[in-house]
Amino acid sequence: MHALIPFPDISPEIFSISLFGMTFALRWYALAYIVGILAGWRLVLRAANTPRLWSNDKPVMTGERIEDLLTWVILGVILGGRLGYVLFYQPAYYLSNPAQILQVWQGGMSFHGGALGVITAAYIYTMRHKIPRISAGDLVALGIFPGLLLGRLANFINAELWGRPTDLPWGVAFPTEAAQYCPDVIGICARHPSQLYEAALEGLLLGAILVWLAWRRDAFKTPGLLMGTFLAGYGIARFMVEFVRQPDAQFITDGNPLGLAWQIGGYGLTMGQILCLPMIAVGLYFALSARKRA
């Protein structure tokens with residue numbers, strides 16, 4: 001038997017209480033969303049309240065405007081994330097069961113859909129209030145990585161969105177029946193902890209780069225640099241992790257065991273990789289254009 005890491009004994013629920021015959025639970029995933037949003041909001045507020053980071057020492061948004069925008073961003077994440085999952089991953093199923101589209105509590109959210117939702121919400125808000133859209137996009141980009149970091153850690157605790165089977169010594173034996181279904185593996189099936197890979201790349205590394213650019217390289221004085229770096233950085237990180245991440249079950253067939261959404265001659269891309277390509281292209285465009293204007 002090859003070396004592996006047993007899944008830690010962590011419950012997805014932090015605590016639960018029973019009231020009037022009903023059970024209410026606080027889950028790590030919900031806490032990750034809450035803390036991630038609050039941490040991102042505080043980081044953005046700090047940036048907006050530091051005049052030296054901005055051209056002519058004039059931030060493009062006040063604290064009050066940022067709090068208003070936060071409400072729009074939260075709605076964009078929820079609506080965009082859900083609709084993105086419906087359209088990108090299971091359109092046929094939800095067309096046949098439209099009543100389940102709004103049942104967010106049943107699971108199924110797409111980061112790429114959530115990103116489009118945030119972009120749409122921020123665009124509408126900044127247009128209504130005549131706020132420079134690209135600079136506002138830089139602020140939003142700075143505030144996203146705490147949620148990505150904590151959200152991926154919560155995915156790990158929930159034993160979901162795991163990776164493909166591996167015999168590497170840091171492979172994790174996730175406890176769910178689906179994770180242990182590995183037809184080509186004899187005995188315990190260890191998988192790539194792809195959630196932790198994403199937490200490290202999309203959260204820690206990308207977040208450190210964005211904070212360094214904002215506070216050490218005066219990135220807010222070059223509109224588009226932070227937003228472009230975030231879009232391209234996330235896209236590249238997610239594209240790489242997709243090589244070891246288990247694809248959604250609906251893409252896996254006997255003739256397509258890798259779950260490729262597009263393929264030619266056995267080679268192709270997963271749906272996650274396909275959705276990352278426009279993010280990388282748009283991100284590089286904004287980042288390179290910002291550097292040329294600097």
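Is His 112 buried or exposed? Select His 112 and show the surface: the residue is buried, with a relative accessible area of 4%. Here buried means under 20% relative accessible area and exposed over 50%, with partly exposed in between (1.4 Å probe, protein chains only).

Before going on, a word about what is on screen. This is a predicted model, in which local features need pLDDT of at least 70 and side-chain atom pairs count only at pLDDT 80 or more, while totals for chains, interfaces and linings use all residues. Residues are numbered from 1 along each chain as its sequence is written, and side-chain values use heavy atoms, with hydrogens and water left out.

**Stop one: around His 112**

Now colour residues 111-128, which make up helix 4, the home of His 112. Helices (H or I, at least four residues) and strands (E, at least two) are DSSP runs, numbered from the N terminus. Next, add the side chains that His 112 touches: Phe 88, Tyr 234, Arg 238, Gly 272, Leu 275, Cys 276 and Met 279, leaving aside residues up to four places away in sequence. A contact means heavy atoms within 4.5 Å. From that group, pick Cys 276, which is itself buried, at 0% relative accessible area.

**Stop two: the disulfide**

Select Cys 182 and Cys 189 and draw them as sticks. Their sulfur atoms lie 2.0 Å apart and form a disulfide, a term used for a pair of cysteine sulfur atoms within 2.5 Å. A search of the whole structure finds one disulfide. Look along the S-S bond of Cys 182 and Cys 189: the angle about it is -75°, and the link is left-handed. Both ends count as buried, Cys 182 at 9% relative accessibility and Cys 189 at 1%.

**Stop three: the whole chain**

Zoom out and switch to cartoon. You should find nine helices and six strands in the protein chain. The C-alpha trace spans about 65 × 60 × 40 Å along its principal axes. The chain's radius of gyration is 20 Å, which agrees with the value near 19 Å for a compact globule of 294 residues; this radius is taken over C-alpha atoms, and the globule rule is 2.2 Å times the number of residues to the power 0.38.

Colour by burial next: buried residues make up 43% of the 294 residues. If you draw a contact map, residues 24 or more positions apart account for 68% of the contacts with a separation of 6 or more.
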